Amino acid sequence: MVTVLHFLELRSFFQQEDIGKPFPVTIEKLAGIWHCTPRYAKLIVRKLAGLNWIEWKAGRGRGNASLMTLHADYDEILLAEVKLQIDKGDVKEAMELMNRYGQAAVKDQIMDWLSEGMGFLRQSVSNRSQDIMRFPVYRTIVTLDPGLVYYHFDAHLAGQIFNTLVHYDQNSRSILPSIAHAWESSQDATEWTFYLKKNVLFHHGRELTAHDVVFSLNRLRLHPDQYEASWMFRDIEQLIAIDDRTVRILLKEPNYLLLRLLATIPASIVPEEIVRKDEGVFGEKPIGTGPFQLVRLDEGICILEAFPGHFLGRPQLDRVEILIFPELDMGRLKEPNWASVMVSHGVQTKAQALKEAVIRDAQDWCDLESFFSCCNLLVFNQWKSGPHNHLKFRQALDQLIDRDQMIADLGGDRIYPAKGFRTYHPVLREVRARENEQLCHAEIMSLLQESGYQGETLRLVTTPYHKEDALWIQDRCSSYGIHMEVDVRDPSEFANRDCLPEHDCQLFGNVFSNDQISELEMYLQKNYFLPAFDEALARAINKEICLTLQEPDRLAREHHLAKIEVMIKENDAVLYLVQKKTLTFFHKSLRGVSINSSGWLDFHKIWFQPEALQQQL
């Protein structure tokens with residue numbers, strides 16, 4: 001690597017010199033290029049000459065120029081080194097090399113090579129065939145501790161590494177056995193008993209027991225300041241390990257959503273002794289019981305391998321390699337010609353590339369279009385004083401943000417104005433009717449005047465994923481005389497709201513999959529909607545939430561949740577902006593392709609049909 005860097009620095013400096021044509025240079029000059037001593041510069045020259053990358057004819061006498069001839073192809077050296085670093089998993093190093101030394105042509109070659117290697121691969125390892133899925137993501141992995149996950153991709157990966165007591169099937173909307181093979185509850189739903197399967201193994205080989213279950217749930221519920229998801233188990237009075245395979249949960253109040261809560265990622269069962277040993281690094285080195293185990297996680301790559309001892313059966317996929325490109329232009333990666341799986345997730349240029357791939361090979365590609373859409377949201381912070389505390393100001397902001405115009409201006413996968421989480425509910429009829437009343441410029445200015453706005457700066461915080469939307473809103477506000485400051489922060493800061501600077505509003509996206517638990521999560525966690533509620537609104541919402549949890553009928557629960565949405569919309573506490581569509585394209589040789597509630601592919605369900613590949617070849 002060091003020798004390659006020396007050559008790239010040399011060639012970059014002498015980029016005007018022709019290959020194969022000698023030119024004069026002194027050792028002192030080379031020492032300046034490489035920032036080293038003349039003695040070390042001579043060693044570098046000998047190494048480069050030994051590789052036949054250069055030819056060197058020393059000049060006679062101190063200070064006299066020598067003759068150097070460049071022989072190696074600069075682009076080939078760079079391309080080979082970038083490939084080597086990516087194969088090693090040093091993605092950040094590879095991208096830095098490409099951006100520092102690569103011209104447009106070599107960057108295109110590197111992107112072509114990356115694209116050809118993305119998707120579904122079959123490789124021979126130790127004379128055994130391995131099925132590997134490799135794909136890029138354009139985001140960092142913040143944590144894989146299931147109790148701390150905030151972003152949907154982190155939660156998706158945690159779902160491959162861990163299991164919960166029970167499993168929620170989103171298609172049938174039913175609770176299925178997982179770690180627990182059976183359960184029962186008292187008539188008033190305040191006492192629950194779970195019976196655990198035998199021989200459920202953690203990745204490090206130990207059998208899971210009831211004590212791990214008690215520890216896993218207690219660490220959330222007993223530490224609300226550390227775990228945002230602790231609200232899920234605030235109704236638990238006591239957790240008891242009756243024996244190694246029986247757990248009893250006693251509740252303060254009836255909770256008919258307890259089983260659904262126990263099927264969420266934060267409720268994943270973790271090994272007690274591993275977490276107690278070093279809880280701080282557990283998110284980087286997680287150990288669970290899931291179908292995949294983590295074998296590598298660093299700045300540029302995440303590798304999961306199938307866990308042979310998984311109690312529900314070994315996955316058919318052997319390995320998942322996730323290349324992490326948080327700062328890469330998503331449009332530069334081209335879709336491979338076959339056996340690829342990629343998800344657009346809000347990326348305009350990648351979705352377009354996928355569509356082009358389908359057009360080129362329409363007979364062999366399948367497309368799955370789903371609306372686990374990321375709904376962009378503007379959430380006001382009522383815990384801080386500012387112009388946004390006034391209802392009229394929020395109403396003005398809601399009116400001046402023309403969603404249709406935002407979609408027209410920004411395009412991409414922004415598909416339609418967001419009206420809320422649910423497309424329709426009778427409770428929402430009146431508030432939806434008022435939303436259709438579009439105010440003119442003068443009426444919006446009148447609202448601002450009524451709010452008492454005096455030109456104060458409104459501080460908006462967001463992540464790089466939503467920067468484009470934030471700048472559009474900033475420009476729109478400026479045309480109405482509203483001063484807005486946009487602060488783009490690292491995604492990791494949003495996992496814990498206490499890490500964020502003081503701000504008046506926050507712009508982020510949420511994947512809403514028509515799931516009651518996901519909606520409750522939005523209302524009860526301070527890194528979601530909770531700061532948007534003033535004292536009176538928080539009280540009213542909490543009352544409806546208590547009624548929701550104590551209601552056994554799903555439709556009746558939906559009624560309570562719709563009432564909460566009405567209260568939020570009437571207060572303009574949160575502005576729903578635009579819905580974004582998820583597109584997935586995959587080759588017909590892949591089977592078992594399904595999208596989970598987070599909008600991502602379930603790795604453990606995928607398998608490969610080799611006959612389809614043979615036809616393609």
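Q: In which hand does α1 cross α2, left-handed or right-handed?
A: This is a predicted model. Here helix α1 covers residues 2-13 and helix α2 covers residues 27-34. Where α1 passes α2, the crossing is right-handed.

Q: How are α1 and α2 oriented to each other, roughly parallel or roughly perpendicular?
A: The two helices pack with their axes 10 Å apart, at an angle of about 110°. Angles of 65 to 115 degrees count as roughly perpendicular. α1 and α2 are therefore roughly perpendicular.

Q: Which residues of α2 make the contact with α1?
A: Both helices contribute side by side in the list of contact residues. From α1 come H6, E9, L10 and F13. From α2 come K29, L30, I33 and W34.

Q: How many residues of the contact of α1 with α2 are nonpolar?
A: The contact residues divide into three classes. Two are charged and one is polar. The nonpolar ones number five.

Q: What kind of aromatic pair do F14 and F23 form?
A: The structure holds nine aromatic pairs, and F14 with F23 is one of them. Their centres lie 4.9 Å apart, with 45° between the planes. Planes under 30 degrees apart count as stacked and those over 60 as edge-to-face, so this pair is tilted.

Q: Is F23 buried or exposed?
A: Buried means under 20% relative accessible area. F14, its ring partner, is buried at 10%. F23 has 3% relative accessibility, so F23 is buried.

Q: Which residues form one aromatic cluster with Y150?
A: The cluster includes Y150 itself. Its other members are Y151, F508 and Y528.

How values were computed. Residues are numbered from 1 along each chain as its sequence is written. This is a predicted model: local features need pLDDT of at least 70, side-chain atom pairs count only at pLDDT 80 or more; totals for chains, interfaces and linings use all residues. Side-chain values use heavy atoms; hydrogens and water are left out. Axes are lines fitted to C-alpha atoms, for helices over the stretch in contact, and angles run from 0 to 180 degrees between N-to-C directions. Helices (H or I, at least four residues) and strands (E, at least two) are DSSP runs, numbered from the N terminus. Angles under 35 degrees count as roughly parallel, over 145 as roughly antiparallel, 65 to 115 as roughly perpendicular and the rest as oblique. A crossing is left-handed if the near helix is turned anticlockwise from the far one by less than a right angle, and right-handed if clockwise. Contact means heavy atoms within 4.5 Å. Ala, Val, Leu, Ile, Met, Phe, Trp, Tyr, Cys and Pro count as nonpolar, Asp, Glu, Lys and Arg as charged, and the others, Gly among them, as polar. Rings of Phe, Tyr and Trp (its six-membered ring) pair if their centres lie within 6.5 Å; planes under 30 degrees apart count as stacked, over 60 as edge-to-face and the rest as tilted. Buried means under 20% relative accessible area, exposed over 50%, partly exposed in between (1.4 Å probe, protein chains only).
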